[in-house]
Amino acid sequence: MAPGLRVAVLGAGSWGTALAAACARGHATMLWARRPELARRIADTHENADYLPGVALPQDLRCTSDLDDLFEHLRGAPRPLLILGVPVAGMEQACREVAAGVARHGLNDLAVAWTCKGLDADTGRLPHAIAEAAFAGAAGLSTGVLSGPSFAKEVARGLPVALTIASASAELRGRVTDALHGGAIRVYGSEDIVGVEVGGAVKNIMAIACGIGDGLGMGANARAALITRGLAEMTRLGVALGAQADTFSGLTGLGDLILTATGDLSRNRHVGLEIGRGRSLDEILGDMTQVAEGVRCAPAVRDLARRRGVEMPITEAVCAVLFDRVPPAQAVSRLLARDPKVEGI
């Protein structure tokens, strides 16, 4: 156990709960749920039946719906760590609540890491830009993004996983590594926040594309092509935004892309599969209880790429299918009809 490390996780969805469970195996950890009834059930049953049914949570994991309880849990610890397990749509509000809590409770050395993958649908901002704006008046905070190829259910069950923590702060990278690294979890450090976030956003769109192809019965050859050219699109956009090209050959680029585009637990791939089989987007989303971030951020990624002059034909095709009612087979035909070019990013 790392001396002095205390962890709080804000957000009791599947991923927040899984990370809280992983941290609680070695550190004093508290999980925050927005709904009081969910917090009570988790505390009483040591199970999050809403998001991780059948997964036993550590007995030492505490759960609350009171934000002040969460900040009091962190106050006084020499190395407090807060993990934001909320989707991009809730990122700004969560950061503002954290900033207010830091001021109320005098948390002057707090490390904050977020896990969401996507762009803000309205502004096109990456998560780090959302955090920077919300934390502008909060002194002493260090921030970063925790990402990588990971399904919450597998992590909660203790299956092997490798993650990346990206931050300009070596101290934050160390805290997250100490909180999670060990046993079945490996944690790697990076300073490329933009690259990690772009990878996390674009891979969801490519997973929808691969799902559409599989739903249409296009075969394994087509899936491999979509993954490979999707990686090229991801890299082009990331480099244009200042990311390091090498980041996209790692866990948060290629690794997360392969997992999300091929894994049966992928929500974004599920959306694509059902569209390829002929269902409408509204019908598919209406049946889902968790967010498919690729649907929300696809137009924001497309518009950002257009502003930067970055060519992203697969992203354009996904947006055309999702929002312009272009038949999936027609969108595929348009991709195949593009002029030949030399392979590269």
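This passage describes salt bridges in a predicted model.

The model is predicted, with local features requiring pLDDT of at least 70 and side-chain atom pairs counted only at pLDDT 80 or more, while totals for chains, interfaces and linings use all residues. Residues are numbered from 1 along each chain as its sequence is written, and side-chain values use heavy atoms, with hydrogens and water left out.

Salt bridges were assigned where a side-chain nitrogen of Lys or Arg lies within 4 Å of a carboxyl oxygen of Asp or Glu. Over the whole structure, the search returns 26 such pairs. One of them joins Arg125 to Glu92, at an N to O distance of 3.6 Å. This pair links distant parts of the chain, 33 residues apart: Arg125 belongs to the loop between β5 (111-114) and α5 (127-134), and Glu92 to helix α4 (residues 91-105). Helices (H or I, at least four residues) and strands (E, at least two) are DSSP runs, numbered from the N terminus.

Accessibility was classed as buried (under 20% relative accessible area), exposed (over 50%) or partly exposed (in between), using a 1.4 Å probe and protein chains only. Arg125 is partly exposed at 24%, and Glu92 is partly exposed at 30%.

In the salt bridge between Glu274 and Arg279, the closest N and O atoms are 3.1 Å apart. Glu274 is buried, at 12%, whereas Arg279 is partly exposed, at 23%. Arg302 and Asp303 also form a salt bridge, with 3.0 Å between the closest N and O atoms. Here Arg302 is buried at 16%, and Asp303 is partly exposed at 29%. Elsewhere, shared partners connect Arg79, Asp109, Glu171, Arg175 and Asp178 into one network of salt bridges.
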